[in-house]
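Grab a pencil and work through a few exercises on a protein model. Try each task yourself before you read the solution below it.

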Amino acid sequence: MPIFKLIRAVSKPLVLIAEKLFNPPPIIREPMVQQGIDRETANMAIYEYRACPFCMKTRRALRRLSLRIELRDALKNAEHKKDLLEQGGKIQVPCLRISSEDGEDTWMYESSDIIQFLEDKYGATP
Ligand SMILES: N[C@@H](CCC(=O)N[C@@H](CS)C(=O)NCC(=O)O)C(=O)O
């Protein structure tokens, strides 16, 4: 078994247990406000691996900010992996894809940048 697969196999249950134990409380918004945000984030997707700690950090931020952004498993789903490589530019997760109507999608790598972007955009909404 290649070393990365072995590390992933060992760390996966730990990452998932930690995520369950230390889940932050979500922001509760007025239904109308939440619906507006849901509409806005419908054009976003996060490419991730379930057991990646950087992805877990990002999923925690999604939960805290009550963002219903689609999660795309780039390890199990070959099409998501291909899109990440060919359109995003490299295989690295997490990656936030913001689709645009003109086809010029934005691919944002780095968990800290993704979280900062989402915090700036949605963190202050009551
Ligand atoms: N600095 C990056 C690190 C992300 C990272 O190292 N992700 C790993 C998975 S945990 C990855 O995508 N590795 C490439 C691969 O598995 O092919 C971040 O904070 O997002």
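The exercises below use a predicted model, and each one comes with a worked solution.

**Exercise 1. Classify the ring pair.**
Work out what kind of aromatic pair tyrosine 47 and tryptophan 107 form, and where the two rings sit in the chain.

*Solution.*
- Step 1: Start with the count: the structure holds 1 aromatic pair.
- Step 2: A pair like this is described by the distance of the centres and the angle of the planes.
- Step 3: For tyrosine 47 and tryptophan 107, the centres are 5.2 Å apart and the planes meet at 40°. Centres within 6.5 Å make a pair, and an angle that is neither under 30 degrees nor over 60 counts as tilted. So this pair is tilted.
- Step 4: Now find the rings in the chain. Tyrosine 47 belongs to strand β1 (residues 44–48) and tryptophan 107 to strand β4 (residues 106–109), so the pair links distant parts of the chain, 60 residues apart.
- Step 5: Check the surroundings. Buried means under 20% relative accessible area. Tyrosine 47 has 0%, so it is buried; tryptophan 107, at 15%, counts as buried too.

**Exercise 2. Describe the ligand's surroundings.**
Which residues are around the ligand, and which polar atoms lie a short step from its oxygen atoms?

*Solution.*
- Step 1: List the shell: Arg8, Tyr49, Cys52, Phe54, Ile91, Gln92, Val93, Pro94, Glu110 and Ser111.
- Step 2: Sort it by type, and you get 6 nonpolar, 2 polar and 2 charged residues.
- Step 3: Look for polar atoms. Serine 111 has a polar side-chain atom 2.7 Å from a ligand oxygen, and tyrosine 49 has one at 3.3 Å from a ligand oxygen. With valine 93 it's a polar backbone atom, 2.9 Å from an oxygen atom of the ligand.
- Step 4: Finish with area: on its own the ligand exposes 510 Å², and the protein buries 69% of that.

**Exercise 3. Spot the unusual backbone.**
Where does the backbone have a cis peptide bond, and which residues other than glycine have a positive phi?

*Solution.*
- Step 1: Take the peptide bond first. From valine 93 to proline 94 it is cis, with omega near 0°. Proline 94 sits in the loop between α4 and β3.
- Step 2: Next, phi. Serine 66 has a positive phi of about 55°, and glutamate 110 has one near 80°; neither residue is a glycine.
- Step 3: Place them both. Serine 66 is in the loop between α3 (53–64) and β2 (70–73), while glutamate 110 is in the loop between β4 and α5.
- Step 4: Add accessibility. Serine 66 has a relative accessible area of 14%, so it's buried. Glutamate 110, at 40%, counts as partly exposed.

**Exercise 4. Buried or exposed?**
Decide whether leucine 118 and glycine 89 are buried or exposed, then find how far each lies from a given partner.

*Solution.*
- Step 1: Leucine 118 is part of helix α5 (residues 111–122). Its relative accessibility is 0%, so it counts as buried.
- Step 2: Its C-alpha atom is 8.9 Å from that of leucine 67, although the two are 51 residues apart along the chain.
- Step 3: Glycine 89 is in the loop between α4 (78–88) and β3 (95–98). With a relative accessible area of 55%, it is exposed.
- Step 4: Between glycine 89 and isoleucine 7, the C-alpha distance is 25 Å, and they are 82 residues apart in sequence.

Technical notes:
Residues are numbered from 1 along each chain as its sequence is written. This is a predicted model: local features need pLDDT of at least 70, side-chain atom pairs count only at pLDDT 80 or more; totals for chains, interfaces and linings use all residues. Side-chain values use heavy atoms; hydrogens and water are left out. Rings of Phe, Tyr and Trp (its six-membered ring) pair if their centres lie within 6.5 Å; planes under 30 degrees apart count as stacked, over 60 as edge-to-face and the rest as tilted. Helices (H or I, at least four residues) and strands (E, at least two) are DSSP runs, numbered from the N terminus. Buried means under 20% relative accessible area, exposed over 50%, partly exposed in between (1.4 Å probe, protein chains only). A residue is near a molecule or strand if one of its heavy atoms lies within 4 Å of it. A polar contact is a pair of N or O atoms within 3.5 Å; within protein, one must be able to donate a hydrogen and the other to accept it, and residues adjacent in sequence count only if both atoms are side-chain atoms. Accessible areas come from the Shrake-Rupley method with a 1.4 Å probe; for residues, only the protein chains shown count as cover. Ala, Val, Leu, Ile, Met, Phe, Trp, Tyr, Cys and Pro count as nonpolar, Asp, Glu, Lys and Arg as charged, and the others, Gly among them, as polar.
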